[in-house]
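Let's take a walk through this one, beginning with a single side chain and working outwards to the whole fold. Keep the structure open beside you as you read.

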Amino acid sequence: MKPLVLLSTDQALLGQLQSAFARSAPQLRVVLANDPAAQEAQVAACWFPPVGSLSALPNLKLIHSVAAGVDHLANDPSQPALPVCRVVDPAHRQGMAEYVRWAVIHYHRDFDRALAQQQQQVWQRHPQRLAGEYRIGVMGLGSLGGAIAGELAEAGYAVRGWSRSARQLSGVRTFSGPAEFDQFLDGLDLLINLLPLTDATRGILCQKTFEALAPNAAVINCGRGQHLQVDDLVNAVNSGRLRGALLDVFEKEPLPLDSRLWNTPGIVVTPHMASCASHDCIAQQVAENARRLACAEPLLNQVDPALGY
């Protein structure tokens, strides 16, 4: 089998993935871009591939994201028109659910306000709201969003869900398509984004969206960085229209040091840590698709170019 090449601007991740492939797929020869053997590679496993790195591989036949998303591949505009696959980790849902539960409690129980008060040495309790009085909206009702919306409803929250096409979820009031978007947003206390990135969803977290929420609402973005219009968010938080936002994904990662998101009071930045596939899971799934490619078998978790996921 031809060697597999790892491509990423994250040098630490490259070392971690090399170790994972050695453990979980020792039959594969795994190289980095600076290895002459990379020129023979037919599969590139990628996370934010460096600019020009994909077009520099003359024998490439498959581009494999090492994550559930594939939008980070656009970091290299030279990406050739080849099949793209992604990693689907069964444990990914649990990790995301844990992160979202923390984020929901952060706002529902006013921990954001308590932390801000501590900095000012202020002792003040805020009225406690019942979960059923706290209106949460989940954008994106796929395998992750649907499960999380269901869990929040089971916990007693007043949950709405919005997706591209109609879905039915127990305990969740669902909406679909552009025609029902404003109705979905109306008066929400907390908006959670778990949408895939498409032309239709790019920039969806914007001033118009924020203005439809309840006063002092909060926003959680675990979807994609390109969903967010940064200036609109910063302005909404600074003006008091939003009480805050919790962001885990960004258009450029690592988040540039000059980004306004780092230092805007009320905005919490986490380093794309909500959930990710284990390194061993990545190695196993990429190795299986490399085998399938070599044997001309159907690939697993291939991305539909029309949908972007």
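Arg260 has a relative accessibility of 41%, so it counts as partly exposed. Bear in mind that you're looking at a predicted model. The partner of Arg260 is Asp231, and the two form a salt bridge whose closest N and O atoms are 3.2 Å apart. Asp231 sits in helix α7 (residues 230–238), while Arg260 belongs to the loop between β11 and β12 (267–269), so this pair ties together parts that lie 29 residues apart in sequence. Asp231 is partly exposed too, with a relative accessibility of 46%.

Now hop over to Asp110. Which residues is it linked with in a network of salt bridges? They are Asp112, Arg113 and Arg243. Take the contact with Arg113 to begin with: here the closest N and O atoms of the salt bridge are 2.9 Å apart. The two ends sit in different surroundings, because Asp110 is buried at 10% relative accessibility, whereas Arg113 is partly exposed at 27%.

The salt bridge between Asp110 and Arg243 comes in at 3.0 Å, N to O. This one links distant parts of the chain: Asp110 is in the loop between α2 (92–108) and α3 (111–119), Arg243 is in strand β11 (residues 242–247), and 133 residues separate them. Is Arg243 buried or exposed? At 17% relative accessibility, it counts as buried, and the same goes for Asp110 with its 10%.

How many salt bridges does the structure hold? There are 12 of them. As for charges overall, the protein has 25 positive and 28 negative ones, and the mean positions of these two sets are 3 Å apart.

Time to zoom out. The fold is built from 8 helices and 12 strands. Lay a box along the principal axes and the C-alpha atoms fill roughly 65 × 45 × 30 Å. The radius of gyration is 21 Å, which agrees with the value near 19 Å for a compact globule, given the 309 residues.

Buried residues account for 50% of those 309. Among contacts with a separation of 6 or more, 61% are between residues 24 or more positions apart. On the outside, the protein exposes about 15200 Å², and carbon and sulfur atoms supply 52% of that area.

Conventions. Residues are numbered from 1 along each chain as its sequence is written. This is a predicted model: local features need pLDDT of at least 70, side-chain atom pairs count only at pLDDT 80 or more; totals for chains, interfaces and linings use all residues. Side-chain values use heavy atoms; hydrogens and water are left out. A salt bridge is a side-chain nitrogen of Lys or Arg within 4 Å of a carboxyl oxygen of Asp or Glu. Buried means under 20% relative accessible area, exposed over 50%, partly exposed in between (1.4 Å probe, protein chains only). Helices (H or I, at least four residues) and strands (E, at least two) are DSSP runs, numbered from the N terminus. The radius of gyration is taken over C-alpha atoms; the globule rule is 2.2 Å times the number of residues to the power 0.38. Contact means heavy atoms within 4.5 Å. Accessible areas come from the Shrake-Rupley method with a 1.4 Å probe; for residues, only the protein chains shown count as cover. Lys and Arg count as positive and Asp and Glu as negative; His and the chain ends are not counted. The place of a charge is taken as NZ of Lys, CZ of Arg, CG of Asp or CD of Glu.
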